[in-house]
Amino acid sequence: MSREFKSPVTKNLWEYAVVTVSTLIMVFGNYFFKFPNNFAFGGITGFSTIVSALTKLSASQFTFIANMVLLVMGFIFIGKGFGMKTVYSSVLMSLALGAMDRWFPMGKPLTDQPILELVFAVFLPAVGSALLFNIGASSGGTDIIAAIINKYRDITLGRVMLICDLIIISSSYFVLKDWEKVVYGYVTLYICSFVLDQVVNSARQSVQFFIISEKYEEIAKHINVYPHRGATVINASGFYTGKEIKMLFVLAKKRESTIIFRLIKDIDPNAFVSQSQVIGVYGEGFDKIKVK
């Protein structure tokens, strides 16, 4: 979801537009598919149900307290930008759910197909949550814990949420007293973590290019300007011809591949180009090295 912007104002407008759309996707999935079916909840919502059954605190009171604590942690460990966007997402979600409850009251599930309902109950919130992570935000709750751990440790967001929610959903049996709902919760949890990792990782995938062209200098200069990536010149020689050549080595995000191919074609349509996907790239402009 990352893009090049000419001004900070344009960048902020784009990011908050993405946060708005992502949050509404989560609201739609939760309200129309997850809530009416009473699938076992993970996250703060699920944990608050357990706490309210064991203490004098209501679920709403515990949810508010826990979210405030986690939000402060988000400001401290991740940054002000993350905190502000998360506050906006949390407030928007609360208002949107309240509006949906008023305008479209749900007395029962939309269909009599629980598996179909489960698919939408999982897929929509997972996609919305992944889009929020890609823009540097979250909807609050255990998402903040996952974002903090992912920042400092090489553990995927989906895996962190899987561990947290696995404990919560397993404990929810003592409240729900229904193993069927708990099993649905396990299925929801696994698919959600899988979808989350797929969407997040697809936006962060990197590729490498080997480019052989007589116009390598012009190609390298354009790559430096846009998409603003570095290029390394490697001295090489053709085995068959014995001719000395220059080869460019370029690392970029997968979403920037089209830009690079387009400028190569415009400068030298006869260039020889090799592209391959890499497992990880660490350093300036890419991911930070995280010690396990």
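Which strands does helix H11 (residues 257–267) lie across? Helix H11 lies across S1, S3 and S4, and runs at about 10 degrees to S1. The model is predicted. The protein has 11 helices and four strands, and the four strands form one open sheet.

**Whole protein**
- The protein has 292 residues, of which 40% are buried.
- Its accessible surface is about 17000 Å², and carbon and sulfur atoms account for 64% of that area.
- Counting contacts between residues at least 6 apart in sequence, 73% link residues at least 24 apart.

**The sheet**
- The strand order is S2-S3-S1-S4, with antiparallel pairing.
- Strand S2 (231–237) and strand S4 (272–278) are the edge strands, each pairing on one side only.
- On average, neighbouring strands of this sheet are turned by 25 degrees against each other, direction ignored.
- Strands of a sheet pair through backbone hydrogen bonds, in either a parallel or an antiparallel sense.
- Seven bridges join strand S1 (residues 206–212) to S4 in the antiparallel sense.
- Isoleucine 212 has phenylalanine 272, in S4, as its bridge partner.

**Helices on the sheet**
- Helix H10 (residues 216–225) packs on the sheet and touches S1, S2 and strand S3 (244–253).
- The direction of H10 makes about 15 degrees with that of S3.
- Helix H11 covers residues 257–267 and makes an angle of about 10 degrees with S1.

Technical notes: Residues are numbered from 1 along each chain as its sequence is written. This is a predicted model: local features need pLDDT of at least 70, side-chain atom pairs count only at pLDDT 80 or more; totals for chains, interfaces and linings use all residues. Side-chain values use heavy atoms; hydrogens and water are left out. Helices (H or I, at least four residues) and strands (E, at least two) are DSSP runs, numbered from the N terminus. Buried means under 20% relative accessible area, exposed over 50%, partly exposed in between (1.4 Å probe, protein chains only). Contact means heavy atoms within 4.5 Å. Accessible areas come from the Shrake-Rupley method with a 1.4 Å probe; for residues, only the protein chains shown count as cover. Two strands pair if DSSP finds at least two bridges between them. Axes are lines fitted to C-alpha atoms, for helices over the stretch in contact, and angles run from 0 to 180 degrees between N-to-C directions.
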